[in-house]
Amino acid sequence: MKISYYPGCTLKTKAKNLDIAAVASLEALGVEVEEIERWNCCGAVHSLTADDLIHQVAPVRNLIRAKEMGADKLVTLCSMCYNTLARANEMMKNDPVKRDTINRFMDEEIDYNGDIEVVHYLSFLKEEIGWEKLKSQVKVPLTDLKIGSYYGCTLQRPTEVGIEPLGHFELMNDMFTSLGAEVVEFSAAAKCCGSYQVLSSLPGENNAAAVVINTAAKEGVEALATSCPLCEYNLGKQQQQMQDKGKIEQNVPTYYFTQLLAVALGLDSQLCHFELNDKKSLALLEDKNYLVAA
Amino acid sequence: MCETEQKKQVTPRVATGDRAILPEGAKTIPVYIMGKKYEVPETLTIMKAMEFAGFHFLRGAGCRGGICGACPTVYRMAGDYKLHFGLACQTVVAADMYLAQIPFFPANRADYSIDEIGGLPEAIHALYPEIFRCVACNQCTKACPMDVDVLGYISALKQGNIEKAAKLSFDCIQCGLCASRCLGEIPQYHVAQLARRVYGRYILPNAEHLKARTAAIESGYYDKMLDELEKMSKEELEKRYVEREREPDFAEVGSWKPEETRYL
């Protein structure tokens, strides 16, 4: 099986640990991953301004790239990219006036009408690989890992593009169950991490992130998994500083879900680039003896 | 009226210049330079046509060979809203062109010392944070007279891929038309130049043969030969030049050796 893949800028720079583990895992599961050619920024954040079509050009251009390669689906991973691409796609599918304006503006490109399906990696795992097959491929079961699936905002909002309805976390939960981990449902799984507010708050003083960490710890979560580089930054990379400032009582190591997937599939831990996570993230996995080095 | 028009066509009233020579029987066409109509011979480039019309280029002209980037032009054809872009020294005039030269664009250029900034994408991001204002409108690529994928190299830099940006921007001649069209106010061509410099300084491996040659020069190996040349009379130098051994024009690479091997 071959898929068209859109990685996104952050996954090629600050969040290589999200991208590399994701591609390696799919390859281990027998999927050929083809990065689309000449892709550009996804648009980074969906623009909510009504008269602001120029900010839809970037995501639509990527969808056109996928179409040029003959794809009918585009798999992506970063929550922000997924949200921005999927929402632009909905607009191109459902709003003939905006579609026409954009197609006329992009006169150097083929016309696009929203016929690519934007698929999140987790949905792809469920629909095209299946939990049973995934289970059978696990080499290092994540036994005893009390994992909390953290969805944040953009995987589920708005509902038209949500990977599943609000209040449901089955996709990531089922993946972790298949990997042998113990899934702990916690009440802050869809609470905001503080998002870009982190830019205007002092280091370690992002209260929204502290709420997520404290709630997770209190409700028995030992480790958090996310698919969003901004969530990972706020919850993971800022965690030491939150602790130094006394904002959180206890550490909850954070991971990209693809890192834990790669670990469970028995891939070389170098591929997971744990050096890009907070130090405690690697330490927990070492304590639990999950890591395989090539 | 009709007669006058016909007469005009036979002996056109054209502006004069000292560069272009109107071939016998050449037709003239109307073009608009900064909004004013001129009759210029067809087949001329925009630059030659402007000189024919009486303009003198003190700046905004360079190599006249399509490689220095000094003479970017923006033009539009009468009756069409679309803007077109080209180099004045390369683009041939057409009837009813509205022409404007953009010899310089006030694009931001960052100050840096290449030896101090390091070879990571973050260095480029820090010097030119405005690249993150790109919305992928692609006007830069459409404006490029060298067909460089400008959006492609700006995207590559956002993705941290300096090598890709350096290679994609290799044909850039720094004319600045990309920057003139950018709604994010990005100075693409300066960013690309930085990318190529970082690529050359930090990423490309150093050529071993260059190191060896530099070491030989620094050791003084060639000093004696240069001293010898410096002491020669003009006549002797001329004689040596005329009698010099020369590799045949189409000699296969590596097949030719001079008879005099003292200086090798």
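**Notes on a predicted two-chain model**

1. Start with chain B, which splits into two domains: domain 1 covers 8-101 and domain 2 covers 114-203. Keep in mind as you read that this is a predicted model. The centres of the two domains of chain B, taken over C-alpha atoms, sit 31 Å apart.

2. How do the two domains of chain B meet? Seven residues from domain 1 of chain B and seven residues from domain 2 of chain B make up the contact. On the domain 1 side, look for strand E4 of chain B (residues 83-87), which gives the most, with three residues. That side of domain 1 of chain B, the one touching domain 2 of chain B, has five nonpolar residues and two polar ones, with no charged residue.

3. Staying in chain B, there's a helix pair to look at. Helix H6 (residues 150-158) and helix H9 (residues 188-203) of chain B have axes that come within 11 Å and cross at roughly 55°. Angles from 65 to 115 degrees would count as roughly perpendicular and those under 35 as roughly parallel, so H6(B) and H9(B) end up oblique to each other. The crossing of H6(B) past H9(B) is left-handed.

4. Which residues bring that pair together? From H6(B) come B:Val150, B:Tyr153, B:Ile154 and B:Leu157, and they meet B:Gln188, B:Val191, B:Ala192 and B:Ala195 of H9(B). By class, the contact of H6(B) with H9(B) has seven nonpolar residues, one polar and no charged.

5. Now over to chain A, whose secondary structure adds up to 13 helices and eight strands. Its radius of gyration is 19 Å, close to the 19 Å that the globule rule gives for 294 residues, so chain A is as compact as a globular protein of that length. If you want a feel for the dimensions, the C-alpha trace of chain A spans about 55 × 45 × 30 Å along its principal axes.

6. Chain A also comes with a domain assignment: domain 1 is 2-121 and domain 2 is 139-287. Between the centres of these two domains of chain A, over C-alpha atoms, the separation is 24 Å. Here 21 residues of domain 1 of chain A touch 24 residues of domain 2 of chain A.

7. What builds the domain 1 side of that contact in chain A? Helix H2 (16-28) and helix H4 (79-94) of chain A are the elements giving two or more residues to it. H2(A) gives the most, with nine residues. The side of domain 1 of chain A that touches domain 2 of chain A is made of 11 nonpolar, six polar and four charged residues.

8. H4(A) turns up again in a helix pair, this time with H3(A): their axes come within 9 Å and cross at roughly 90°. H3(A) and H4(A) are therefore roughly perpendicular to each other. H3(A) brings A:Gln56, A:Pro59, A:Val60, A:Asn62 and A:Leu63, while H4(A) brings A:Thr84, A:Leu85, A:Ala88, A:Asn89, A:Met91 and A:Met92. Sorted by class, the contact of H3(A) with H4(A) holds seven nonpolar and four polar residues, and no charged ones.

9. Last, the place where the chains meet. The contact uses 12 residues of chain A and 14 residues of chain B. On chain A, helix H1 (9-12) and helix H3 (54-68) each supply at least two residues. H3(A) gives the most to the side of chain A that touches chain B, with five residues. By class, that side of chain A has five nonpolar, three polar and four charged residues.

Note on methods. Residues are numbered from 1 along each chain as its sequence is written. Chains are lettered from A and ligands numbered from 1 in the order in which they are written. This is a predicted model: local features need pLDDT of at least 70, side-chain atom pairs count only at pLDDT 80 or more; totals for chains, interfaces and linings use all residues. Axes are lines fitted to C-alpha atoms, for helices over the stretch in contact, and angles run from 0 to 180 degrees between N-to-C directions. Helices (H or I, at least four residues) and strands (E, at least two) are DSSP runs, numbered from the N terminus. Angles under 35 degrees count as roughly parallel, over 145 as roughly antiparallel, 65 to 115 as roughly perpendicular and the rest as oblique. A crossing is left-handed if the near helix is turned anticlockwise from the far one by less than a right angle, and right-handed if clockwise. Two residues are in contact if their C-beta atoms, placed from the backbone, lie within 7 Å. Ala, Val, Leu, Ile, Met, Phe, Trp, Tyr, Cys and Pro count as nonpolar, Asp, Glu, Lys and Arg as charged, and the others, Gly among them, as polar. Domain bounds come from an automatic or database domain assignment. The radius of gyration is taken over C-alpha atoms; the globule rule is 2.2 Å times the number of residues to the power 0.38.
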